[in-house]
Amino acid sequence: MEKLLPFVADRRIIVSEDEGDSSCVLDCESSVSGTRVVEPGSIELNGLVWLDESDRLYGMIGSKFVSRLSELGVNVEVGCIHRNMFSASVIAQARVSSFQIFRKAVEKRNGGDANVKYAWFGGSKDEIENIVQHGFGYGNIRKDGLFDHGVVLCADHSPLESVQSAIADEDGNKHILLCRVLLGKTELVNRGSKQSHPSSDSFQSGVDDLVSPKKYIVWSSHMNTHILPEFLISFKTPTRTNNKPRQDGTRLKKPISPWIPIPELLAALSKVLPPKAIKEMTQFRQRYIEHKISRCDMIRRIRRVTGDRLLLMVLKNFTEQRQCNRFG
């Protein structure tokens, strides 16, 4: 099974993990139980549970996220998915209880229909961390002249603008939240509107289009009772330099990314690094196999030991040797 290594010096490296069959296959219920709490990858916060790639939830969320963007010609590479178990504190648990209380209230008001949807929210790493830890704040309301008085989330089928709002961190990873949103009865809110609350007691939230909404507007007074950030997706957006039509109508071929199996990577590094460093990286790999750390975390730790320059040199040598064997 091929695994994507985070971008190194604007190049993509792929590593191959030969112990893929040793992964423990867990069903949806086991992921939700919260018993399998492991070290998070890109964002290290209490209450987050790393989802294994074999997990059904990982497949459902990751494939939908990728396919929705692929339809728009945007390529993304999902690195890690975490589930928020709201177990970090009593306050976090209270947020879940509050959401359920308001859901029942909205159901009662609207004849049994709470109109709960999933929606995306992207931001910087610090912004996402603060939301997971403390909830939404006024800093999460985009003052862009469009919808200045509420938290704007993108509908499940339209994640593009939330992806564009996500800011890459120091490792090139971007982060986006998949939230459960209590919409209730919605009303149309036009761009540039100064509206800051429901226009009447009949409505609970706003949308940009009543027929096919792409944006949900949750007023600031409701942002921590009507939005529940359930999943955190960490991803990369490769530079789109491929498959664009030329003037003659032809398309550029997609570049073939270099890759190297982890065992061969370690074998090559053992020729230039001391045994202590190789032992340390071998332990990282073993912890990943045992699901004690995420793949993102394993790769980041290996890069910290080797440095990007050495890693690229080993990759280059491996790729050239493979090509010689293939055509020699």
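**Loops, sheet and helix packing**

Q: Where does F86 lie?

A: F86 lies in the loop that runs between strand 4 and helix 3, the latter covering residues 90-109. The model is a predicted one.

Q: And what is the phi of F86?

A: F86 has a positive phi of about 55°, although F86 is not a glycine.

Q: Is F86 buried or exposed?

A: F86 is buried, because its relative accessible area is 9%, below the 20% limit for that class.

Q: Which other residue, not a glycine, has a positive phi near 55°?

A: N115 has a phi near 55°, again a positive value in a residue other than glycine. N115 belongs to the loop between helix 3 and strand 5.

Q: Let us step back. How many helices and strands are there in the protein?

A: The protein contains nine helices and 12 strands.

Q: What share of the residues is buried?

A: Of the 328 residues in the protein, 48% are buried. The exposed area comes to about 16,900 Å², and carbon and sulfur atoms supply 51% of that area.

Q: And how many of the contacts join residues at least 24 apart?

A: When contacts between residues at least 6 apart in sequence are considered, 71% join residues at least 24 apart.

Q: Now the sheet: what is the order of the nine strands?

A: The order is 3-4-11-7-5-6-10-9-8, in an open sheet with mixed pairing. Its edge strands are strand 3 (48-50) and strand 8 (186-188), each of which pairs on one side only. Neighbouring strands of this sheet are turned by 35° against each other on average, with direction ignored.

Q: Which helix packs on the sheet, touching strand 3 and strand 5?

A: Helix 4 (residues 125-134) does so, and it also touches strand 4, strand 7 and strand 11. The direction of helix 4 makes about 140° with that of strand 5.

Q: Which residues of helix 4 are buried?

A: They are K125, E127, I128, E129, I131 and V132. These buried residues pack against strand 3, strand 4, strand 5, strand 7 and strand 11, and against helix 3 as well. Just after helix 4 comes G135, with a positive phi of about 95°.

Q: What does helix 2 lie across?

A: Helix 2 (residues 56-70) lies across strand 4 (77-84), strand 5, strand 7 and strand 11 (227-236). Relative to strand 4, helix 2 runs at about 130°.

Q: In which sense do strand 5 and strand 7 pair?

A: Strand 5 (residues 116-123) and strand 7 (residues 174-182) pair in the antiparallel sense, over eight bridges. G123 stands opposite H175 of strand 7.

Q: And how many bridges join strand 5 to strand 6?

A: Two bridges join strand 5 to strand 6 (residues 150-155), and the two strands run antiparallel. W120 has C154 as its bridge partner in strand 6.

Q: How many of the residues of strand 10 are buried?

A: Five of the five residues of strand 10 (residues 215-219) are buried, so strand 10 is largely enclosed by the rest of the structure. K215, I217 and W219 point one way from the strand, while Y216 and V218 point the other way.

Q: Over how many bridges do strand 6 and strand 10 pair?

A: Strand 6 and strand 10 pair over five bridges in the antiparallel sense. V151 has V218 as its partner there. Strand 9 (residues 205-207) also pairs with strand 10 in the antiparallel sense, over two bridges, and G206 stands opposite I217.

Q: Back to strand 3: is L48 buried or exposed?

A: L48, found in strand 3, is buried, with a relative accessible area of 2%. The C-alpha atoms of L48 and I81 are separated by 9.6 Å, with these positions 33 residues apart along the chain counted as their separation.

Q: Finally, at what angle do helix 6 and helix 7 pack?

A: Helix 6 (residues 262-269) and helix 7 (residues 275-289) pack at about 170°, and their axes are 10 Å apart. The two helices are therefore roughly antiparallel to each other, since an angle over 145 degrees counts as such.

Q: Which residues in helix 6 meet helix 7?

A: I262, P263, L266 and L269 in helix 6 meet I278, M281, T282 and R285 in helix 7. The residues of this contact divide into six nonpolar, one polar and one charged.

Technical notes:
Residues are numbered from 1 along each chain as its sequence is written. This is a predicted model: local features need pLDDT of at least 70, side-chain atom pairs count only at pLDDT 80 or more; totals for chains, interfaces and linings use all residues. Side-chain values use heavy atoms; hydrogens and water are left out. Axes are lines fitted to C-alpha atoms, for helices over the stretch in contact, and angles run from 0 to 180 degrees between N-to-C directions. Helices (H or I, at least four residues) and strands (E, at least two) are DSSP runs, numbered from the N terminus. Angles under 35 degrees count as roughly parallel, over 145 as roughly antiparallel, 65 to 115 as roughly perpendicular and the rest as oblique. Contact means heavy atoms within 4.5 Å. Ala, Val, Leu, Ile, Met, Phe, Trp, Tyr, Cys and Pro count as nonpolar, Asp, Glu, Lys and Arg as charged, and the others, Gly among them, as polar. Two strands pair if DSSP finds at least two bridges between them. Buried means under 20% relative accessible area, exposed over 50%, partly exposed in between (1.4 Å probe, protein chains only). Accessible areas come from the Shrake-Rupley method with a 1.4 Å probe; for residues, only the protein chains shown count as cover.
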